[in-house]
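Reader: I have a structure open and would like to go through some of its features with you. May I begin with a few short questions?
Author: Certainly; please show it.
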Amino acid sequence: MYTSNNACSVPTSFWLTGIPGLESLHIWLSIPFGFMYLLALVGNITILAVIKMERSLHQPMYFFLCMLAVIDLVLSTSTMPKLLTIFWFGARNIGLDSCLAQMFFIHCFATVESGIFLAMAYDRYVAICDPLHHTSVLTHAVVGRLGMAALLRGILYIGPLPLLIRLRLPLYRTRIIAHSYCEHMAVVTLACGDTRVNNLYGMGIGFLVLILDSLAITASYVMIFKAVLGLATHDARFKTLGTCSSHICAILVFYIPIAISSLTHRFGHHVPPHIHILLANLYLLIPPILNPVVYAVRTKQIRKRLLHILKAETRPR
């Protein structure tokens, strides 16, 4: 059903363009994107399996890592299967409800991931600044509550985004979304009528999540570095900081692509549209790919367990 009202219409579905301007290369782009999605699936499922099998890894930091792995699986799966169907079959059509659901999952779980990084920063702060009470403060129940709080925060923050679109913006100038997935602003900019509430709410959530979370994480690491500098020897300082290295790398992998994509979108007016869309897809793919690699390389227990599994698989029977 598509009802006309002046130049605006009521859509029941939208049309995703994929990577605009690179339509002739879609089949070739599907190769690296499909490979990256496969890497994200294998890497995160492997991390979940290793932590489940290795009882010595049943600690707060690794429980948070499991949460990250699940979030990364949801984030990549929210976008990549649809993108690959666009590349392979030209299946660009997406229903209105499916579009809003995809929007919710992308923005919600990106918010949840930021919350988990904040919880992990708190875990590192307690482990280094108050090590004697780490196990009593970060119990399994507390870790579960922190994970649930991050999830509920994501739902409360992002839940209104699709609702505001559904309730306030029924009419659209076009149903063609110049994007490969239903990103919030990509949909809102197509709408007829007053979009100020949607724009302000989206910017407010971006500020609450990205700016405040990153400031809180930075504050925790300032206190951690102060505690580390107070240690007696260089070896002790290096070893203590080593326990934070994986978390710091994962934070940078998460926030830097988002910052680059956001800055390019807002200020890079001369950047071609396909660069914007490629960056927007990569910031949903890079963390799911690199997080398992970072933790496998930087965490001795995970690395040892993986090597043990690989040796057992290659051993002659």
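Reader: Over residues 62-80, what share of the chain is helix and what share is strand?
Author: This is a predicted model. In it, residues 62-80 are 100% helix and 0% strand, and the end C-alpha atoms of the span are 26 Å apart.

Reader: And how far apart are the end C-alpha atoms of residues 275-297?
Author: They lie 31 Å apart, and that span is likewise 100% helix and 0% strand.

Reader: Which residues does UniProt list as "transmembrane region"?
Author: The unreviewed UniProt entry lists residues 25-50, 62-80, 100-122, 142-165, 205-229, 241-263 and 275-297 under that term.

Reader: Turning to the surface, which residues make the nonpolar patch?
Author: Leu-25, Ile-27, Trp-28, Ile-31, Trp-88 and Phe-89 make a nonpolar surface patch of about 720 Å². Two elements, helix H1 (26-53) and helix H2 (60-89), each give two or more residues to that patch. H1 gives the most, with 3 residues.

Reader: Where is Leu-25 placed?
Author: Leu-25 is in the loop between strand E3 (13-16) and H1.

Reader: Why is Leu-25 called partly exposed?
Author: Because its relative accessible area is 38%, and partly exposed covers values between 20% and 50%.

Reader: Is Thr-17 buried or exposed?
Author: Thr-17, also in the loop between E3 and H1, is buried, because its relative accessible area is 13% and buried means under 20%.

Reader: Which residues does Thr-17 touch?
Author: Leaving aside residues up to four places away in sequence, Thr-17 touches Glu-23, His-26, Arg-92, Ile-176, Ile-177, Ala-178 and His-179.

Technical notes. Residues are numbered from 1 along each chain as its sequence is written. This is a predicted model: local features need pLDDT of at least 70, side-chain atom pairs count only at pLDDT 80 or more; totals for chains, interfaces and linings use all residues. Side-chain values use heavy atoms; hydrogens and water are left out. UniProt positions are given in the numbering used here, feature names are shortened, and annotations may be inferred rather than shown by experiment. Helices (H or I, at least four residues) and strands (E, at least two) are DSSP runs, numbered from the N terminus. Patches are made of residues with over 30% relative accessible area and no salt bridge: like charges are joined within 9 Å, nonpolar side chains (Val, Leu, Ile, Met, Phe, Trp, Tyr) within 5 Å. Accessible areas come from the Shrake-Rupley method with a 1.4 Å probe; for residues, only the protein chains shown count as cover. A salt bridge is a side-chain nitrogen of Lys or Arg within 4 Å of a carboxyl oxygen of Asp or Glu. Buried means under 20% relative accessible area, exposed over 50%, partly exposed in between (1.4 Å probe, protein chains only). Contact means heavy atoms within 4.5 Å.
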